[in-house]
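Biologist: Before I trust any labels, I'd like to hear the reasoning behind them. Could you take me through it?

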Amino acid sequence: MPILNVNNLTVDLMTAGGVIRAVDGVSFGIDAGETVTIIGESGSGKSTTAMALLRLLPDDLAVLSGEAELTGQDVIGTRKHIAKLRGRAVALVPQDPMTALNPIATVGRQMVQAIRLRHGCGKSEARDRALALLRQVHLSRPEQRLKQYPHELSGGMLQRVLIAMALSAEAELIVADEPTSALDVTVQAGILDLLLEIQQETGAGILLITHDLGVARLMSDRIHVMKAGSFVESGPVEEIVGNPQHEYTRKLLDAIPKLGPWDDPELSTARKLEMMNGGGS
């Protein structure tokens with residue numbers, strides 16, 4: 001059974017100007033250890049899809065229909081299941097690490113609270129777990145970071161904290177919503193490598209939301225190309241990159257380097273990202 005199975009998901013948004021269909025009948029699944037990417041430009045509906053599945057859209061704004069099961073539990077027909085699964089079976093790595101944490105609480109306090117809530121352990125055990133998680137995500141001087149406030153850490157450090165918090169859930173699915181868009185190229189590379197490392201260690205599935213086909217090309221097993229709320233093309237990453245069928249996909253491909261030396265396995269993730277951003281070929 002897939003970790004996530006989505007069938008004909010539709011999201012209608014209630015606005016002052018009327019009803020807008022933000023997601024129009026999309027279907028996909030994610031297996032353990034697999035990275036599935038939804039890619040599209042701003043406004044295509046990709047983040048709305050992820051937020052709908054996590055039931056993070058308010059009921060008075062969004063009307064959902066279709067079917068979606070996370071670890072076998074219905075998450076569209078009722079909020080009951082997702083409330084139990086969110087932060088446990090599924091964890092979110094949000095887009096902007098600078099605004100995702102409480103600015104008036106230390107990193108340690110926020111991590112300890114989350115761990116205690118999820119696992120019902122004591123404060124001392126939760127702190128030990130938090131420290132181990134920060135080491136797992138390769139954050140420098142983890143003891144010091146626990147005592148610091150979010151504004152004292154860089155964007156890349158904060159994103160590692162958020163990934164550590166996602167790991168604390170021992171989730172089967174990680175939803176990464178534009179996890180590197182607010183970061184510079186070198187830091188992006190470290191975060192992408194970290195997500196892949198964690199996936200290899202834990203076997204978690206990843207739903208990656210991105211506007212960058214280059215990032216999707218680096219990370220994905222399968223890609224769904226989204227435009228105006230619908231998937232216009234879907235398939236294994238090799239097919240989407242090597243033989244795109246839709247004009248919109250070809251447009252996205254035109255923004256990244258052509259096949260060739262870029263695909264050299266000896267190239268680091270950082271170097272590939274530099275090339276994607278015009279730093280040589």
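Modeller: Sure, and keep in mind that this is a predicted model. Let's start with a rule: two strands pair if DSSP finds at least two bridges between them. With that in hand, look at valine 11, which stands opposite leucine 64 in strand 4.

Biologist: What makes strand 1 and strand 4 a pair?

Modeller: Strand 1 and strand 4 (residues 62-70) share eight bridges. The rule asks for at least two, so they count as paired. The sense is antiparallel. Leucine 13 also has a partner there, standing opposite alanine 62 in strand 4.

Biologist: How do you know that strand 1 pairs with strand 2?

Modeller: Same kind of check. 10 bridges join strand 1 (residues 4-15) to strand 2, and the two run antiparallel. At least two bridges are needed, so this is a pair. One of the facing couples is valine 6 and phenylalanine 28 in strand 2. A hairpin joins these two strands through two residues.

Biologist: And what makes strand 4 and strand 5 a pair?

Modeller: Two bridges join them, again running antiparallel. The cut-off is at least two, so strand 4 and strand 5 qualify. Glutamate 69 stands opposite aspartate 74 in strand 5. These strands form a hairpin with two residues between them, and threonine 71 in the turn has a positive phi of about 45°.

Biologist: What order do the strands take in the sheet?

Modeller: Four strands form an open sheet in the order 2-1-4-5. Strand 2 (18-30) and strand 5 (73-74) are called edge strands because each pairs on one side only.

Biologist: Let's move to the helices. Why does the span of helix 6 agree with its number of residues?

Modeller: Helix 6 (residues 155-168) has 14 residues, and at 1.5 Å a residue they should span 20 Å. Its end C-alpha atoms are 20 Å apart, so the two values agree. Helix 6 is mostly covered, with 13 of its 14 residues buried. Glutamate 170 follows, and its phi is positive, near 55°.

Biologist: How does helix 7 do on that check?

Modeller: Helix 7 (residues 185-202) has 18 residues and reaches 26 Å from its first C-alpha to its last, close to the 26 Å expected. Its buried residues are Gln188, Ala189, Ile191, Leu192, Leu194, Leu195, Ile198 and Gln199. Just after helix 7, glycine 203 takes a positive phi of about 75°.

Biologist: Why is leucine 252 called buried?

Modeller: Its relative accessible area is 9%. Buried means under 20%, so leucine 252 fits. You'll find leucine 252 in helix 10 (residues 247-253). Its C-alpha atom is separated by 8.9 Å from that of glutamate 41, although the two are 211 residues apart along the chain.

Biologist: How do you know that the charged end of lysine 227 sits over the ring of tyrosine 248?

Modeller: The charged end lies 5.8 Å from the ring's centre. The distance limit is within 6 Å, so that part is met. There's an angle condition too, within 35 degrees of the ring normal. Lysine 227 is listed as sitting over the ring.

Biologist: Last one: what turned up in the cavity search?

Modeller: Searching the whole structure finds one cavity of 30 Å³ or more. The largest cavity has a volume of about 40 Å³. Its lining is Leu4, Leu53, Leu54, Leu70, Val90, Leu173, Val175 and Leu207.

Methods:
Residues numbered from 1 in each chain as written. Predicted model: local features only at pLDDT ≥ 70, side-chain atom pairs only at ≥ 80, totals over all residues. Heavy atoms only, no water. Expected span 1.5 Å × (residues − 1). Buried < 20%, exposed > 50% of the residue type's maximum accessible area, 1.4 Å probe, protein only. 1 Å grid on protein atoms, 1.4 Å probe; cavity = no way out; pocket = protein on both sides within 12 Å on 5 of 7 lines; lining within 4 Å. Points joined across faces, edges and corners; volume = space filled by probe spheres on them.
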